[in-house]
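Trainee: Before I take this model to the bench, could we go through its parts together, one question at a time?
Mentor: Gladly; let us look at it first and then begin with the ligand.

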Amino acid sequence: MDFELSPQQAEFRDLIREFARRSIAPVAREWELSGRYPAEIVDEMKKMGLFGVLVPDEYGGSAVDAVSYAIVFEEISKAWMGIAGILGSHSLATWMLARYGTPGQRRRWLPGLATGEHRSGIALTEPGAGSDLQGISTVARRDGADYIVNGAKTWITNARHADLLPVLVKTDARAEPRHRGMSLLMIEAGTLGFSVGKDLDKLGYKGTESAEVFFTDCRVPVENLLGGEEGRGLQQALSALEFGRVNIAGRAVGVAQACLDRALDYARQRQAFGRPIADFQAIQLKLADMATEVQAARLLTWWAAAALDAGKRADLETGMAKLYASEICIKASLEAMRIHGGYGYSTEYDVERFYRDAPLMAIGEGTNDILRTVIARRLYRAHDEES
Amino acid sequence: MKIVVTVKQVPDPNSTQALESDNTLARDKEVVLDPGDECGIEEGLQLKEAHGGEVVLVSMGPERARDAIRKGLSMGADRGILITDEKLAGADALLTGRALAAAIKAESPDLVICATESYDGSTGMVPPILAELLGLPQLTFAKKVEVNGTNLKVNRQTADGYMVVEAAMPALITVTAAIAEPRYASLKGIMAARSKEVKQVSLQDLGVDGGGPAETIESVASAETRKAGSIIEDDGNAVDQIVKVLADAKVI
Ligand SMILES: Cc1cc2nc3c(=O)[nH]c(=O)nc-3n(C[C@H](O)[C@H](O)[C@H](O)COP(=O)(O)OP(=O)(O)OC[C@H]3O[C@@H](n4cnc5c(N)ncnc54)[C@H](O)[C@@H]3O)c2cc1C
């Protein structure tokens, strides 16, 4: 057993850490509060090749291992979790294209997405269906060489900046089981009948937009069906979410680590009753628990990522990592706020933002309760096999 | 155009520094590529992008200084040379200069780029020593560089502006941090750097005799702490008093 990063993984970490320290952290508080889009940061990320993290070399990407992928999200989120959102769903779209796209689809879209010249996201959730994806009502009806798409999606991160969106649709609304009638269509911005609605106002996770998306008699050529075969969409989306959970877990570890770092700094320097509050055992207990939980979450995340790298089915592992990391992240953000006293509640301190950003990780890429049901199902199966 | 950039691994400016018993800097700490050298590498890369050619990094240091070279390679430099030798432990500016000059001479570059001074030693002596040993014109404190054929033109930073200085290449320049904002490496750059050549050479390979450092550090003292400023209490004409202080200091 070896818990050391490889030299290359350590170099990736150092690079992203330096980038976050130099180019993200100094502007995070102000830009987040004002709701400004971090265009300059996006430009830097393009140059660094971050939009191509999961794109194979032959299409211009760097296709890093899943542990490195988790580290990229952790390091960025230490400075500003919203920035990680710009890369998150984009990278999942590229992963799906690389994994399931036809050769023509890969050649057509991956090179532009690898450099970030073209941007993407992933459109699954609808106003009436989130966890229950088989209950979506966006329909794609075949008409000659096209599909005609009608429906709406919501909470779609990066929608306004996306040049291309994989959209989960029903190509056969009567199919049984229902997922056999579900497909992913790659829909390009500018297609007639495709429009992006208003940016949704939200608690945290600012910087990147989350928006509604509408399809009204939107004509999409059959060549845009991911993989060229109907009925694969749900499975394609769900397997991408295994990577998604690693990126969410990475983000949660990053935010939790940042909470610990700030709390530690503050506790050493804040005086009460004639000494630093770090001298009080009540504060030490909190810091010790935070540090232990952050490290446990990080190791769980690397373990889940390593399972993906080994090419194993990793819904259990990635589910556990995302569940645990996001729960301890919420806890760490609250503890950091308590340690900061009244100042933690002030927008002049970063912990206020961490506290607003933390809950998202318990909701996105499968709510934690949904993941608990996935984990339990796997436990039962293993139990059945044993007995 | 062949460009050599000298690079050095230094203690991390973001961590606290300590001294060894012989008053040299403790180097067992976190170490990084000298931030000043990153600017030199950036300028080298920009010149290469504009005029073609090759950027070669040369460093003198222990085995682990390879990491500093590797960082420059992941920014886009083409290859590296690491001069490493037990006899170089504690080397002073002259010995460092002799070793670097021997390695650079073998490359016959058109341009040598150095930082004005290293972050840790800050003597600023290595570049002029190199220029002398290599027989090159030196153009120092460059904040802007233009290359036209074999002609080199730099804007040389001075206390109250800049001078325009020209020379024919081959030449050596020292650059200030104002020269260029260093780029981040890319993920692909990091991957590619692993297969780029870093040649390790000893003093014997270079035909340089060790000789030992000519310099020892007798004593070290802390810099004088900044004196507290004077406080002008507002008795109704504080503004006038402040204006006078500023005028006396020739700030306004
Ligand atoms: C900021 C933000 C960004 C987002 N970005 C995207 C995006 O880019 N693309 C995208 O497609 N979606 C995105 N989403 C949507 C997100 O994935 C969904 O909100 C999430 O999957 C939950 O779906 P829901 O909101 O419909 O909640 P519901 O599914 O309605 O769940 C409500 C509650 O019921 C519980 N629940 C539901 N079913 C069960 C069950 N069977 N057993 C036990 N409990 C259950 C849930 O755990 C939850 O507590 C985003 C959401 C947010 C807030």
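Trainee: How many residues surround the ligand, and which are the closest?
Mentor: Bear in mind that this is a predicted model. The shell around the ligand has 22 residues, and by class they divide into 9 nonpolar, 10 polar and 3 charged. The closest of the residues that surround the ligand are L124(A), T125(A), G130(A), S131(A) and T367(A).

Trainee: Which domains of chain A each give at least three residues to the shell around the ligand?
Mentor: Chain A is divided into domain 1 (7–115), domain 2 (133–231) and domain 3 (235–386). Among the elements of chain A, strand 2 (146–157) and helix 10 each supply at least two residues of the shell. At the level of domains, at least three residues of the shell come from each of domain 2 and domain 3 of chain A.

Trainee: Helix 10 came up there; at what angle do helix 8 and helix 10 of chain A pack?
Mentor: Helix 8 of chain A covers residues 315–339 and helix 10 of chain A covers residues 368–386, and their axes lie 9 Å apart. On the side of helix 8 of chain A the contact is made by D315(A), L316(A), G319(A), M320(A), K322(A), L323(A), S326(A) and E327(A), and on the side of helix 10 of chain A by N368(A), L371(A), R372(A), V374(A), I375(A) and R378(A). These residues divide into 6 nonpolar, 3 polar and 5 charged. The crossing of the two helices is left-handed, and the packing angle is about 140 degrees.

Trainee: Which helix of chain A gives the largest share of the side of domain 1 that touches domain 3?
Mentor: The C-alpha centres of domain 1 and domain 3 of chain A lie 21 Å apart, and 23 residues of domain 1 of chain A are in contact with 24 residues of domain 3 of chain A. Helix 1, helix 3 (66–79) and helix 4 (81–100) of chain A each supply at least two residues of the domain 1 side, which by class has 15 nonpolar, 2 polar and 6 charged residues. With 11 residues, the largest share comes from helix 3 of chain A.

Trainee: Why do helix 3 and helix 6 of chain A count as oblique to each other?
Mentor: Helix 6 of chain A spans residues 233–269, and its axis lies 7 Å from that of helix 3 of chain A, with a packing angle of about 40 degrees. Angles under 35 degrees would count as roughly parallel and those from 65 to 115 as roughly perpendicular. The angle of about 40 degrees falls in neither class, so helix 3 and helix 6 of chain A are oblique.

Trainee: What is the handedness of that crossing of helix 3 and helix 6 of chain A?
Mentor: The contact includes Y69(A), F73(A) and I76(A) from helix 3 of chain A and F243(A), V246(A) and V253(A) from helix 6 of chain A. Its residues divide into 12 nonpolar, 5 polar and 4 charged. The crossing of helix 3 and helix 6 of chain A is right-handed.

Trainee: Which residues of helix 4 of chain A meet helix 3 of chain A?
Mentor: The axes of helix 3 and helix 4 of chain A come within 6 Å and cross at roughly 145 degrees. The contact has 5 nonpolar, 1 polar and no charged residues. Facing F73(A), I76(A) and S77(A) of helix 3 of chain A, the residues of helix 4 of chain A are M81(A), I83(A) and A84(A).

Trainee: Turning to the other chain, which helix of chain A gives the most to the side that touches chain B?
Mentor: The contact takes 13 residues from chain A and 10 residues from chain B. On the side of chain A, helix 1 (7–34) and helix 2 (39–48) give two or more residues, and by class that side has 7 nonpolar, 3 polar and 3 charged. The most, 5 residues, comes from helix 1 of chain A.

Trainee: Where does P177(A) lie, and what form does the peptide bond before it take?
Mentor: P177(A) is placed in the loop between strand 3 (164–170) and strand 4 (182–188) of chain A. The peptide bond from E176(A) to P177(A) has omega near -10 degrees and is cis.

Definitions and conventions
Residues numbered from 1 in each chain as written. Chains lettered and ligands numbered in written order. Predicted model: local features only at pLDDT ≥ 70, side-chain atom pairs only at ≥ 80, totals over all residues. Axes fitted to C-alpha atoms, helices over the stretch in contact; angles between N-to-C directions. Helix = DSSP H or I, 4+ residues; strand = E, 2+ residues; numbered from the N terminus. Left-handed = near helix turned anticlockwise from the far one by under 90°. Contact = placed C-beta atoms within 7 Å. Nonpolar A, V, L, I, M, F, W, Y, C, P; charged D, E, K, R; others polar. Domains from an automatic or database assignment. Near = placed C-beta within 6 Å. Parallel < 35°, antiparallel > 145°, perpendicular 65-115°, else oblique.
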